[in-house]
Every structure is written in structure tokens, then in C-alpha cells.
Amino acid sequence: MSDTILEVQDLVVDIPVSAGMLHPVQSISFKVDKGETLCIVGESGCGKSLTSLAVMNLLPKSANCTATKLSLDGEDLQSTSERRMSDIRGNKMSMIFQEPMTSLNPAYTIGNQLTEALLRHKKVSQSEARDRAIYLLEKVGITAAASRLTQYPHQLSGGLRQRVMIAMALMCGPEMIIADEPTTALDVTIQAQILHLLADLQKEFNMGMILITHDLGVVSRVADRVAVMYAGQIVETGTGKQVFENPTHPYTQGLLECIPIPGKTERGAHLGSIPGIVPSLVGDLPGCHFADRCRHVMDTCRTGTIDLSPSFEDGHVYRCVQTPEQCAANLKKGAA
Amino acid sequence: MVKYILKRLGVAFLVALTVSMITFSLIYVSGDPAVALAGEAASNEEIEHIRKSYGYDRPIPVQYMDWLGRALQGDLGRSHYLKEDISHVILTRLPNTLILAGCAIAFALTLSIPLGVAAAIRPNSLIDRFALTLAVVGQALPSFWFALIMMFFLGIQLRWLPISRVETWQGFIMPAIALGYYVTPGVMRLTRAGMLEVLQSDYIRTAKAKGLRPLTVLFKHALRNAIIPVVSLAAVQFGFMLGGSIVIESIFAINGLGFLAWETIQRGDLPMMQAIVLVLSLFYILITFLADMLNAFLDPRIRVT
């Protein structure tokens with residue numbers, strides 16, 4: 001218990017919109033241990049980004065956020081003042097965003113923006129901050145680091161900017177780092193580099209990390225735990241091994257069918273896809289959120305609330321009315 | 001950066017040259033200058049004599065080069081009406097106009113920028129509505145009318161401020177407000193719109209995620225980016241104020257360039273008019289250049305390529 005760094009229980013985010021109340025995040029619970037990577041996977045609009053913004057307390061003002069527990073390293077984040085929260089942000093917990101092209105301020109040098117967070121949170125001199133910035137720029141694989149400090153964001157490519165963002169997030173030596181789709185806006189060839197870089201740094205600095213991504217290939221390699229989100233809920237969570245080897249929820253199964261596996265997927269074979277679209281989250285949605293797109297939908301799927309129930313192994317849970325055995329059988333049927 | 005400065009300087013020079021040609025040709029706009037100078041009852045010999053003695057008989061390019069050469073040395077010719085050196089007249093009038101326009105733009109900016117920022121921080125709040133009302137009213141009130149209203153209440157009823165002349169610094173207060181308030185709505189709306197947009201941007205979210213203090217986020221990260229278009233607008237408005245102070249200077253009887261222009265137009269004193277237009281244009285060019293430099297300082301995307 002002592003090595004849990006971030007703990008979230010029953011996190012709910014509601015946003016009033018003109019059509020009613022939007023429920024983008026509905027009772028999300030997870031925890032991240034020191035040195036552990038939690039990957040949150042799911043389609044666009046399933047509430048991944050809002051979950052991370054809620055943890056950072058950076059939600060837009062119109063959003064309401066509640067949780068039965070939201071704590072970082074034992075400190076309750078819900079009852080802390082905004083002042084204390086700003087001491088934590090960028091210091092004990094930092095975040096990397098998905099848009100490196102626009103996430104850096106165009107008016108200031110890389111060096112200024114890198115050292116800024118360190119000077120804000122720690123008692124260090126300008127030159128110490130500068131040395132730390134150079135050290136971290138080298139760590140994230142940027143050559144000629146010292147000369148980069150005087151450059152402006154517009155002089156760097158997207159990949160370099162995201163490396164700068166990563167270095168920036170690491171400036172204060174955070175215990176927890178949240179990376180929200182850090183590679184979405186980047187070139188495919190750069191994506192894998194950046195994700196591996198993050199995974200390496202996370203191990204090296206022994207940080208807890210939440211990695212939000214679409215890239216299931218990377219998830220299978222770096223994730224200690226995986227949480228699959230669909231329409232505001234976690235539909236399945238477990239260790240990376242559990243989720244990838246025994247995907248239980250039909251949505252997880254569908255997601256995994258969408259990626260080709262070298263050596264297993266035959267040339268010319270059709271890759272899977274999940275028909276339909278994500279349901280609207282305005283108002284209350286009874287039953288299973290995935291029901292409309294599920295191949296195995298039954299009448300019982302449409303009513304009541306479906307809770308997370310244990311799958312085959314400890315720590316592996318899923319949100320479906322069918323038993324794990326039935327789900328596994330469905331997967332075999334689908335593959336046949 | 002050096003390349004950028006040289007480029008802007010080059011452009012400024014070309015604009016100045018073009019303006020000088022246009023102002024020079026003003027002399028010929030209203031017909032034969034020799035005829036105009038000689039008066040209605042003059043004989044042909046008298047007109048020819050004037051034409052020769054003023055050099056109007058030479059080819060126009062020669063006259064232009066001659067005029068330009070002397071203008072560059074500070075000699076703008078003599079006023080036909082005042083019988084004085086034009087440069088001297090302009091130099092004695094210029095300070096009043098510069099002080100007036102300077103105070104007016106300072107008043108406009110110190111009122112509109114903080115108000116625009118405050119309105120952007122809390123859109124649709126009381127302060128935003130107040131700012132919007134001020135903008136609408138400000139845009140709708142003609143400055144001469146506003147000046148007269150101020151004179152009536154602050155000058156005549158309350159006797160707080162002198163209603164004309166600028167022998168003391170108090171004399172500048174009402175004219176500066178009257179001249180400056182007209183600029184306030186535009187600058188304020190632009191500041192508000194710029195701040196609203198910037199505050200939504202990703203890099204502001206990054207700044208917040210770094211745990212920076214709200215004031216640092218607001219002023220270091222947001223305002224610096226939002227202010228860039230405001231600089232350009234303020235420069236244009238400052239230029240307008242230099243020329244546009246004609247109305248305000250006349251109302252408050254301020255012996256400035258605007259008032260001089262008004263007198264000069266009435267007298268049909270062409271060389272004087274020519275000089276005033278030239279001087280005001282040169283100031284305009286100078287201000288625009290300085291604004292470009294300030295923007296280059298604020299925005300590295302302009303300065304570093």
C-alpha cells in the first residue's frame with residue numbers, strides 16, 4: 001500500500017451542456033504504484049483525457065468533478081487549495097500533452113520554458129536550472145542541447161518539441177507523470193521512438209506513469225497495467241498480460257482484433273473493425289454502453305447497471321453480463 | 001534580426017519617398033501655383049515674374065529634387081502667408097501636438113488594456129459587461145461632442161480644469177481624454193479577444209500544468225502573445241491622433257500642428273500645408289517602424305527565422 005503513488009476512486013466528471021448534463025467520466029477508479037505504468041486505452045471521446053485533466057485539477061471551469069478518493073502519495077488532492085495544487089503540478093506530478101506543436105509558448109526560448117518550472121518549485125540558481133535543462137535534453141535524445149536552449153519553439157520539429165515537453169515534465173523530478181496521447185500528432189516513425197523513450201525514462205527515474213494512447217502495440221510492451229475505457233467507463237482492467245492474453249470484454253476483444261500481429265495475421269486477411277459509433281453521453285445511459293455495437297448483445301445488456309466483475313485471474317476485472325468463460329468462447333467463435 | 005530591421009527600414013524609406021512625391025505634387029493639384037500666388041488682378045508679366053522667381057518654370061522633376069534636397073536639410077521653404085520659415089513654425093507647434101497625442105494614447109492604453117484583460121479573464125461578468133458598454137458608448141460618441149460635454153461639466157460647472165489653452169499641464173487633461181477615449185473601444189476589444197483566444201491555447205494549459213502562479217500565467221505567458229496585434233493597432237491609432245487632433249486642438253485652442261493645419265487650409269497656404277502633411281506622414285512612418293520593432297521584440301517568430 002505504501003508504494004501506491006496515485007489513487008483514484010469513483011472519479012466522476014459532469015459537464016453541463018445545452019442539451020442537458022454530459023457524463024464524460026463515470027465512476028473511474030484506478031491506482032498507480034511507484035515505477036508502474038498504467039495504460040489507458042480507448043477511442044476518442046471516451047473520457048481518457050478528461051480523466052487525466054481531472055487528476056491534474058486542470059478541468060475547464062464549467063466541469064464538475066467529484067471522487068470518493070483522489071490522492072497523490074497519500075495527500076488528498078480534493079481538499080487541497082488551488083495554491084497547494086499549483087505547488088504539486090509540474091513538481092510532484094507533471095503532464096505531457098498531445099499537441100507538441102502548440103503546447104510550447106511561441107514567445108519564449110526553450111531554455112526559459114524548461115527552467116521556469118524548476119525555478120518555480122525548487123530553490124535553485126539560474127545556472128543550476130540551466131544545467132538540469134541541458135542534462136534532461138540530452139536524456140531525451142536531443143543533440144547539441146546547450147545551443148537548443150536559446151532556440152524558440154518554431155525552430156524545432158514536432159518530434160523535437162515533444163522531446164522538449166517530456167524534458168520539461170521531468171525538470172522537477174516528478175513521482176507521477178501523465179502522458180496524454182503524447183504521440184498522436186507526430187509522424188509514425190517518431191511515435192514509437194517517443195513512447196519507448198518515455199518508457200525508458202519512467203523505469204530510470206522510477207516514476208508512476210499514466211500513458212494514454214491508441215497504440216496497442218506499444219501498450220503490450222510497456223504497460224504494467226491496462227485500463228480499457230469505453231464511453232466514460234472502464235470496461236476492463238488488469239495487468240498487461242491478463243488483458244492481452246485473455247481479453248474478456250467484447251470491446252477489448254474487438255480492439256485487439258483491429259491490430260495485425262506479425263507472423264499470425266495472414267497477408268491479405270481482413271483486419272477487424274468495430275461497427276457503429278460511440279453513444280452520446282448526455283443524460284443517463286442504462287445498461288451496457290457498448291450494447292449497440294456488440295456482436296453478442298442480449299436483452300439483459302440493456303437494463304440496470306453492470307458492475308465490474310472478476311475475470312479468470314486476480315486483479316483482472318471486466319464489465320459484462322456474460323461469464324468469463326462465455327466471453328472466451330465468443331472470442332474463439334469470432335476467430336473461427 | 002539585422003536583416004529584418006534593414007528590410008523594415010527599406011520599406012519605411014520607400015514609403016517616405018512616395019509620400020514626399022505625393023506631397024510635392026500637392027502644389028500642382030489646385031492648378032498653376034504662380035497664378036494662385038499672383039492673385040486675381042495680376043497681369044501676365046507679373047505671373048511670369050513670380051513663376052521665374054519661385055522657380056516654377058523649371059521642369060517638375062528638377063523642382064522636386066530641389067525641394068527634396070532642401071527638405072532633407074530642414075528647409076521646408078517659406079510660408080506665403082506668415083512670411084516665416086515653415087520649419088520654424090512647425091517646430092514651435094509640434095511639441096504641443098506630440099504631448100497631446102502622447103498623453104491621449106497613454107490614457108487610451110492604460111484604460112483599455114487592463115479593462116480588456118479583466119474582461120477576458122471573466123467573460124460575461126459584470127466587468128465584461130461594463131467594458132462592452134463603454135466600448136459601444138465610446139464608439140458612438142463623436143469626440144467633438146464629448147469634448148464639449150467635458151468642457152461644460154468639468155470646466156464651466158465644476159471649474160476643475162481649464163477649458164482651453166495649455167499653459168499648464170492641467171490644460172492637457174481634457175484634450176487628451178477627448179482624443180484618447182475614441183481609441184479605447186477598439187484597443188479594448190482587441191485585447192479582450194486576443195486574451196480570450198490565448199487563454200484557451202495549449203501553451204497556457206502547459207503553463208498551468210507546470211504549476212506556475214496565476215499571475216505568471218496571465219502576464220508572462222498570455223498577455224505577451226495577446227498584445228502583439230494591439231501594438232499594431234495602437235501605432236495606427238497614434239498616427240491618426242497626430243493628424244486627427246485637428247478637431248480637438250481647434251476646440252481647446254491648442255497651438256499645435258492640427259490647429260496650424262486647420263488655419264493653413266483656411267488660408268490656402270500651400271507650401272505650409274505641404275510641409276504639415278510631410279511631417280505628419282514622416283511621424284506616421286516612424287511610429288509604424290517602431291511598432292514593427294516592438295512586435296519583433298515581442299514575437300520571436302518575426303525576429304528569428
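# Close-up legends for chains A and B

**View 1. Lys210(B) lies in a loop of chain B, between helix 10 (202-209) and helix 11 (214-251).** Like the other views here, this one comes from a predicted model. Is Lys210(B) buried or exposed? With a relative accessibility of 4%, Lys210(B) counts as buried, the cut-off for that label being under 20%. Its side chain has two partners in chain A to look for. One is the backbone oxygen of Gln113(A), which the Lys210(B) side chain reaches at 2.8 Å. The other is the side chain of Glu116(A), joined to that of Lys210(B) by a polar contact of 2.7 Å. Setting aside residues up to four places away in sequence, Lys210(B) touches Arg89(A), Gly90(A), Gln113(A), Glu116(A), Ala117(A), His121(A) and Met168(A).

**View 2. Helix 12 and helix 13 of chain B come together, their axes within 9 Å.** Helix 12 covers residues 257-267 and helix 13 covers residues 270-298, and the two axes cross at roughly 150°. That angle is over 145°, the cut-off for the label, so helix 12 of chain B is roughly antiparallel to helix 13 of chain B. The crossing itself is left-handed. On the helix 12 side the contact is made by Leu257(B), Leu260(B), Ala261(B), Thr264(B) and Ile265(B). Helix 13 brings Met272(B), Met273(B), Ile276(B), Val279(B) and Leu280(B). Sort these contact residues by type and you get nine nonpolar, one polar and no charged. As a reminder for reading the spacing, an α-helix has 3.6 residues a turn, so residues three or four places apart point the same way.

**View 3. Helix 12 of chain B holds a run of buried residues and is followed by a glycine with positive phi.** Which residues of helix 12 are buried? They are Leu257(B), Gly258(B), Phe259(B), Leu260(B), Ala261(B), Glu263(B) and Thr264(B). These buried residues pack against three helices of chain B, namely helix 5 (86-121), helix 11 and helix 13. Just after helix 12 comes Gly268(B), with a positive phi near 65°.

**View 4. Helix 8 and helix 11 of chain B meet in a right-handed crossing.** Here the axes of helix 8 (residues 170-180) and helix 11 come within 10 Å and cross at roughly 115°. Zoom in on the meeting point: helix 8 supplies Pro175(B), Ala178(B), Leu179(B) and Gly180(B), and helix 11 answers with Met241(B), Gly244(B), Ser245(B) and Ile248(B). By residue type, this contact divides into five nonpolar, three polar and no charged.

**View 5. Ala234(B) is a buried residue of helix 11 of chain B.** The relative accessible area of Ala234(B) is 10%. Not counting neighbours within four places in sequence, Ala234(B) is in contact with Ile105(B) and Leu109(B). For a sense of how the chain folds back here, pick the C-alpha atoms of Ala234(B) and Ala101(B): they are 133 residues apart along the chain and separated by 12 Å.

**View 6. Thr23(B) sits in helix 1 (residues 2-29) of chain B.** Thr23(B) counts as buried, at 2% relative accessibility. What is Thr23(B) in contact with, leaving aside its neighbours within four places in sequence? The list is Trp67(B), Gln274(B), Val277(B) and Leu278(B).

**View 7. Glu181(A) and Arg159(B) each have a positive phi without being glycine.** Most residues other than glycine have a negative phi, so here's a pair to check by eye. Glu181(A), with phi near 40°, is placed in the loop between strand 8 (176-180) and helix 7 (188-204) of chain A. Arg159(B), with phi near 55°, is placed in the loop between helix 7 (143-157) and helix 8 of chain B. Their surroundings contrast: Glu181(A) is buried, with a relative accessible area of 7%, whereas Arg159(B) counts as exposed at 67% relative accessibility.

**View 8. Zooming out, chain B has 14 helices and zero strands.** Its C-alpha atoms fill a box of roughly 85 × 60 × 30 Å along the principal axes. Of its 305 residues, 46% count as buried. Take the contacts in chain B with a separation of 6 or more, and residues 24 or more positions apart account for 71% of them.

Methods:
Residues numbered from 1 in each chain as written. Chains lettered and ligands numbered in written order. Predicted model: local features only at pLDDT ≥ 70, side-chain atom pairs only at ≥ 80, totals over all residues. Heavy atoms only, no water. Axes fitted to C-alpha atoms, helices over the stretch in contact; angles between N-to-C directions. Helix = DSSP H or I, 4+ residues; strand = E, 2+ residues; numbered from the N terminus. Parallel < 35°, antiparallel > 145°, perpendicular 65-115°, else oblique. Left-handed = near helix turned anticlockwise from the far one by under 90°. Contact = heavy atoms within 4.5 Å. Nonpolar A, V, L, I, M, F, W, Y, C, P; charged D, E, K, R; others polar. Buried < 20%, exposed > 50% of the residue type's maximum accessible area, 1.4 Å probe, protein only. Polar contact = N/O pair within 3.5 Å; in protein donor to acceptor, adjacent residues only side chain to side chain.
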